[in-house]
Amino acid sequence: MSDSEGSMLRETADRLFTAHCDTAVRRSADQGAWPASLWAAVEEAGLHRALVPEAAGGFGVAVADALSLLTVAGAHAAPIPLAETMLASWLLAGAGLEIPDGPLTVGPVRNGEVVMLTQMDGGWGVSGTLTRVPWARDVDRLVVLAEGRAALVGREAWTIEAGENVAREPRDTVRLDGVAIAVATADVDLLAMGAAMRTQQIAGALTRLTEMTTQYAQDRVQFGRPIGKFQAVQQNLAVMAGQTAAAVAAAGMAAEAVADGVKILPIAAGKARAGEAAGIAAAIAHQVHGAIGFTFEHDLHFLTRRLWSWRDEFGKDAVWHRLLGRHMARAGADRLWEEITAA
């Protein structure tokens, strides 16, 4: 897909979210309602299958272009499991398994959690407890990685304890105890793929946050002139723009790393840098907006709460910084520059 075709894909997604993901939809989702019309529009457009090869039922979009759809969804604070469904579909397609209809999610999404697969007559038993699973209550199928295999698990094989993140998106505890629908070999770093996807969402949300905050600074008049004319505010907006640019670059680097066979170091660096930018820019956005930005009636919180949540999911900054530090320490001082430029 060419650059122009990629741009057309993102423009199509932006029009879709503009039409189907307004403030009312986001507020309703905050109260626990499933945004059925929004998800139906996403499925009709095929966005949830963007990472799936054409031979497996997708439409052959380049990996970087497919992932860039998540920047659009992030900019609209879309309250749906688009990233999780894209990831689960990609895993199933790579394992040669059939992709079911409807929204999907994945697990485990946290370090140290283990799913057990036990071969038995007529199939595979699946067991284990997973925490912070995105959108588990809203899906009928879950894809889990265990012991070098991908397993598609139906709702009848798990129970849920409801939870949520700061953005009030479902993050549920899932207790698995049943039989998998299908199992196949899969050699994938799920945490790294999820981190790359969260990096895209952060970049999109930060882009929109910067636009919103800059516009507010131009519109809000205090002491006879727009607050954006004050040097201190201008400095904060400049810092915010710089952080957003860094996150956008990080998202591009992470997307290229996925396209290049899921290279872990660029993804680690990208997720850590985007997470840092999310914290800095969200703080500035609330400072510039002042009291109005903390009200439920204003749309600012839909972005900032997701930024605070996404930066900690699929590995927070410290997790990826430690991975990078350990890698560089093993490589040694003489290889530092080579390792940086090779990543």
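What is the volume of the largest cavity? Okay, hi everyone, let's start there. One thing up front: this is a predicted model. And the answer is about 80 Å³ for the largest cavity. When the whole structure is searched for cavities of 30 Å³ or more, 1 turns up.

So who sits around that space? The lining is made of 13 residues, and the ones that lie nearest the centre are A78, I80, E169, Q201 and W310. If you sort the lining residues by type, you get 7 nonpolar, 4 charged and 2 polar.

Now, the helices. Three of them, α4 (63-75), α5 (82-94) and α6 (190-219), each bring at least two residues to the lining of the largest cavity. Which one gives the most? That's α5, with 3 residues.

Okay, next stop: E164. You'll find E164 in the loop that runs between β6 (158-161) and β7 (171-179). Is E164 buried or exposed? Well, somewhere in the middle: its relative accessibility is 39%, and because buried means under 20% and exposed means over 50%, E164 counts as partly exposed.

What does E164 touch, once we leave aside its neighbours within four places in sequence? The contacts are R132, E169, P170 and R171. Keep an eye on E169 there, since we've already met that residue among those nearest the centre of the largest cavity.

One last pair to find on your screens: E164 and P35. They're 129 residues apart along the sequence, and in space their C-alpha atoms are 16 Å apart. That's my tour, thanks!

Definitions and conventions: Residues numbered from 1 in each chain as written. Predicted model: local features only at pLDDT ≥ 70, side-chain atom pairs only at ≥ 80, totals over all residues. Heavy atoms only, no water. 1 Å grid on protein atoms, 1.4 Å probe; cavity = no way out; pocket = protein on both sides within 12 Å on 5 of 7 lines; lining within 4 Å. Points joined across faces, edges and corners; volume = space filled by probe spheres on them. Helix = DSSP H or I, 4+ residues; strand = E, 2+ residues; numbered from the N terminus. Nonpolar A, V, L, I, M, F, W, Y, C, P; charged D, E, K, R; others polar. Buried < 20%, exposed > 50% of the residue type's maximum accessible area, 1.4 Å probe, protein only. Contact = heavy atoms within 4.5 Å.
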